[in-house]
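This report describes the strand pairing, salt bridges and nonpolar core of one protein model. The sequence and the coordinates are shown first, and the description follows.

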Amino acid sequence: MSDEKVIRLNVNRKDFEEIYFKGNQGSLFFSPTTKSKTIITIIVALIFFITFCLKGNLSQESFGVLYFISFVFLLCAVYLSVAINKVSRWKKEVNRYLKSLEKASIYEIRFNSETFNVNLNDQHELSTWKEFTTADINEDYISLEGKYNYMFPQKSMTKQDYNILIQAVKKNIK
């Protein structure tokens with residue numbers, strides 16, 4: 001595989017969205033990052049509401065429980081808002097990237113046994129295979145992480161090109 005191989009990618013935004021937003025990944029409250037925090041915040045809010053409704057039945061000494069639960073609720077709400085902000089920023093970044101892909105007239109991968117080059121509208125990102133630290137290969141996409149991070153949906157190329165890319169990734173990324 002000493003000669004260069006070129007794979008032209010067909011950009012269809014939905015192909016990329018299927019992978020990026022798989023499993024509620026783009027949901028602010030129920031993404032894998034925020035789901036547990038949302039559920040805990042709701043549970044603590046219910047406990048706080050019930051305790052607040054029953055505050056007339058609390059003795060003067062037990063009133064600290066209400067303050068403690070309100071503090072825990074506030075802490076959960078802040079923790080949830082930080083997680084939502086993180087998901088929101090990631091989602092905006094992905095949407096910005098997808099818009100740039102939609103506008104692309106050229107999107108191709110060029111690689112040989114030494115280098116890996118991604119060309120997006122004549123903006124080249126050149127890496128050596130050694131610069132990639134991890135690769136994830138499955139039936140829907142190939143992702144590469146390293147100096148630059150990439151995700152290539154299987155639907156954006158021919159099956160033959162996808163298989164050639166799989167072989168190149170397996171051979172060059174240890």
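Ile142 has Phe152 of strand S7 as its bridge partner. The model in which this pair occurs is predicted; local features require pLDDT of at least 70 and side-chain atom pairs count only at pLDDT 80 or more, while totals for chains, interfaces and linings use all residues. Residues are numbered from 1 along each chain as its sequence is written, and side-chain values use heavy atoms, with hydrogens and water left out.

**The sheet S5-S6-S7**

Strand S6 (residues 141-146) and S7 are joined by four bridges in the antiparallel sense. Helices (H or I, at least four residues) and strands (E, at least two) are DSSP runs numbered from the N terminus, and two strands pair if DSSP finds at least two bridges between them. The sheet is open, consists of three strands in the order S5-S6-S7, and is antiparallel in its pairing. Strand S5 (132-137) and strand S7 (150-153) are the edges; each has a single partner strand, so one side of each is left without a neighbour in the sheet. On average, neighbouring strands are turned by 10° against each other, direction ignored. Axes are lines fitted to C-alpha atoms, for helices over the stretch in contact, and angles run from 0 to 180 degrees between N-to-C directions.

Two helices pack on this sheet, where contact means heavy atoms within 4.5 Å. Helix H1 (residues 13-20) touches S6 and S7, and its direction makes about 120° with that of S7. Helix H4 (residues 159-172) touches S5, S6 and S7, and its direction makes about 35° with that of S6.

**The sheet S1-S2-S3-S4**

Four strands make up another open sheet, in the order S1-S2-S3-S4 and with antiparallel pairing. Strand S1 (5-8) and strand S4 (123-128) are its edge strands, each pairing on one side only. Here the average turn between neighbouring strands is 15°, direction ignored.

Strand S2 (residues 107-111) pairs with strand S3 (residues 115-120) over five antiparallel bridges; Tyr107 has Leu120 of S3 as its bridge partner. The hairpin joining S2 to S3 runs through three residues. S3 and S4 are paired in the antiparallel sense over six bridges, and Asn119 has His124 of S4 as its bridge partner. The hairpin of S3 and S4 has two residues between the strands, and Asn121 in this hairpin takes a positive phi near 55°. Five of the six residues of S3 are buried (buried means under 20% relative accessible area, exposed over 50%, partly exposed in between, with a 1.4 Å probe and protein chains only). Strand S3 is therefore largely enclosed by the rest of the structure.

**Salt bridges**

A salt bridge is a side-chain nitrogen of Lys or Arg within 4 Å of a carboxyl oxygen of Asp or Glu. By this rule the model has eight salt bridges. Three of them are listed with the N to O distance.

| Salt bridge | N to O distance |
|---|---|
| Glu18 and Lys155 | 2.9 Å |
| Lys22 and Asp140 | 3.1 Å |
| Glu108 and Arg110 | 3.0 Å |

Glu18 lies in H1 and its salt-bridge partner Lys155 in the loop between S7 and H4, so this pair ties together parts that are 137 residues apart in sequence. Glu18 is partly exposed, with a relative accessible area of 44%. Lys22 lies in the loop between H1 and helix H2 (35-53), and Asp140 in the loop between S5 and S6, so this pair ties together parts that are 118 residues apart in sequence. Asp140 is partly exposed at 35% relative accessible area.

The pair of Glu108 and Arg110 belongs to a network of salt bridges that links Glu4, Arg8, Glu108 and Arg110. Glu108 is buried, with a relative accessible area of 4%, whereas Arg110 is partly exposed at 26%.

**The nonpolar core**

A nonpolar core is a set of buried Ala, Val, Leu, Ile, Met, Phe, Trp, Tyr and Cys residues joined through side-chain atoms within 4.5 Å. The largest one has 29 residues, and Phe116, Phe152 and Leu165 have the most contacts inside it. H1, helix H3 (63-102), S2, S3, S6, S7 and H4 are the elements that give two or more residues to this core. H4 contributes the largest share, five residues.

Not counting residues up to four places away in sequence, Phe116 touches residues including Ile109, Leu126, Trp129, Phe132, Leu144, Tyr150, Phe152 and Leu165.
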